[in-house]
Amino acid sequence: MEEGTFESPGTCRVTIPDQALQWDRREDCEVRQILDRVADKWSLMVVALLEHRTMRFMELRRDIDGISQRMLTVTLRQLERDGLVKRTVYPVVPPRVEYELTPLGCTLHEAIQSLVIWTETHQDAIAAARTAYDRAAAAAAEVSAPTAPSTPATDGR
């Protein structure tokens, strides 16, 4: 096998030791699939809300602005499948279902918390960069915009 190649199409293990912490960007890479799942906005919100407490479905839905019932259901199922959220159904009428983070989900929350802290620390710099970019883009658009052809003045005759 050639150095730097993969053992099989589905594996993400890199054979070059210096690149061991990098992930494969192919769609079938398991690391990429996990990152896609845990880094989507709804999963991040669910994990953040379940920190140190158990919540029912409607509590989560009420606390996550903009999420549909279907999207919350899909997100919770995926997080449960990945072992990040535990779903408990109580045998009462009507049935009561609660969600909580698993120990693995708690470790994800710690990582997410680092990202949130970074975002809060740098939000002013990011806002300034966005403003500067938007200003430069608007100026560039004005320069490249075609001007209307001038019409000769008429003297009213």
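**Exercise 1. Place Ala48 and classify its exposure.**

Ala48 has a relative accessible area of 37%, so it is partly exposed. That verdict rests on the cut-offs: buried is under 20%, exposed is over 50%, and partly exposed lies in between. The model is a predicted one. Next, find the element. Ala48 belongs to helix H2, residues 41-49. Last, look across the chain. Ala48 and Leu101 stand 53 residues apart in sequence. Their C-alpha atoms are 9.5 Å apart in space.

**Exercise 2. Describe the overall make-up of the protein.**

Step one: count the elements. The protein has five helices and three strands.

Step two: put them in order. From the N terminus, the elements run α-α-β-α-α-β-β-α.

Step three: turn to burial. The protein has 157 residues, and 21% of them are buried.

Step four: describe the surface. The accessible surface is about 12,000 Å². Carbon and sulfur atoms account for 56% of that surface.

Step five: sort the contacts. Take contacts between residues at least 6 apart in sequence; 34% of these join residues at least 24 apart.

**Exercise 3. Compare the settings of Glu100 and Thr102.**

Start with Glu100. It lies in strand S3. Is Glu100 buried, exposed or partly exposed? Its relative accessible area is 27%, so Glu100 is partly exposed.

Now list its partners, leaving aside neighbours within four places in sequence. Glu100 is in contact with Leu50, Arg53, Thr54, Leu84, Val85, Lys86 and Thr88. Add one distance. The C-alpha atoms of Glu100 and Leu49 are 9.3 Å apart, and 51 residues separate the two along the chain.

Move on to Thr102. This residue sits in the loop between strand S3 (96-101) and helix H5 (103-144). Thr102 counts as buried because its relative accessibility is 14%, and the cut-off for buried is under 20%. With the neighbours within four places set aside again, Thr102 is in contact with Gly83, Leu84, Val85 and Lys86.

Which partners appear in both lists? Leu84, Val85 and Lys86 do.

**Exercise 4. Find two backbone features in loops.**

First, recall the background. Most residues other than glycine have a negative phi, and most peptide bonds are trans.

Then check His52. Its phi is positive, about 60 degrees, although His52 is not a glycine. His52 is in the loop between H2 and strand S1 (55-56). Its relative accessibility is 76%, so His52 counts as exposed.

Then check Pro94. The peptide bond from Val93 to Pro94 is cis, with omega near -10 degrees. Pro94 is in the loop between strand S2 (85-90) and S3.

**Exercise 5. Look for ring interactions.**

Begin with ring pairs. How many aromatic pairs are there? The count is zero. The cut-off here is ring centres within 6.5 Å.

Now try a charge over a ring. The charged end of Arg96 sits over the ring of Tyr90. The distance to the ring centre is 4.0 Å.

**Exercise 6. Describe the largest pocket.**

Begin with volume. The largest pocket holds about 270 Å³ of space. Helix H1 (30-38) and H5 are the elements that each give two or more residues to its lining.

Next, name residues. The lining of the largest pocket has 13 residues. Ile34, Leu35, Val38, Ala39 and Leu108 lie nearest the centre.

Finally, ask about shares. Which element gives the largest share of the lining? H5 does, with five residues.

Notes
Residues numbered from 1 in each chain as written. Predicted model: local features only at pLDDT ≥ 70, side-chain atom pairs only at ≥ 80, totals over all residues. Heavy atoms only, no water. Helix = DSSP H or I, 4+ residues; strand = E, 2+ residues; numbered from the N terminus. Buried < 20%, exposed > 50% of the residue type's maximum accessible area, 1.4 Å probe, protein only. Contact = heavy atoms within 4.5 Å. Phe/Tyr/Trp six-rings, centres within 6.5 Å; stacked < 30°, edge-to-face > 60°. Lys NZ or Arg CZ within 6 Å of the ring centre and 35° of its normal. Areas by Shrake-Rupley, 256 points an atom, 1.4 Å probe, with all protein chains shown as cover. 1 Å grid on protein atoms, 1.4 Å probe; cavity = no way out; pocket = protein on both sides within 12 Å on 5 of 7 lines; lining within 4 Å. Points joined across faces, edges and corners; volume = space filled by probe spheres on them.
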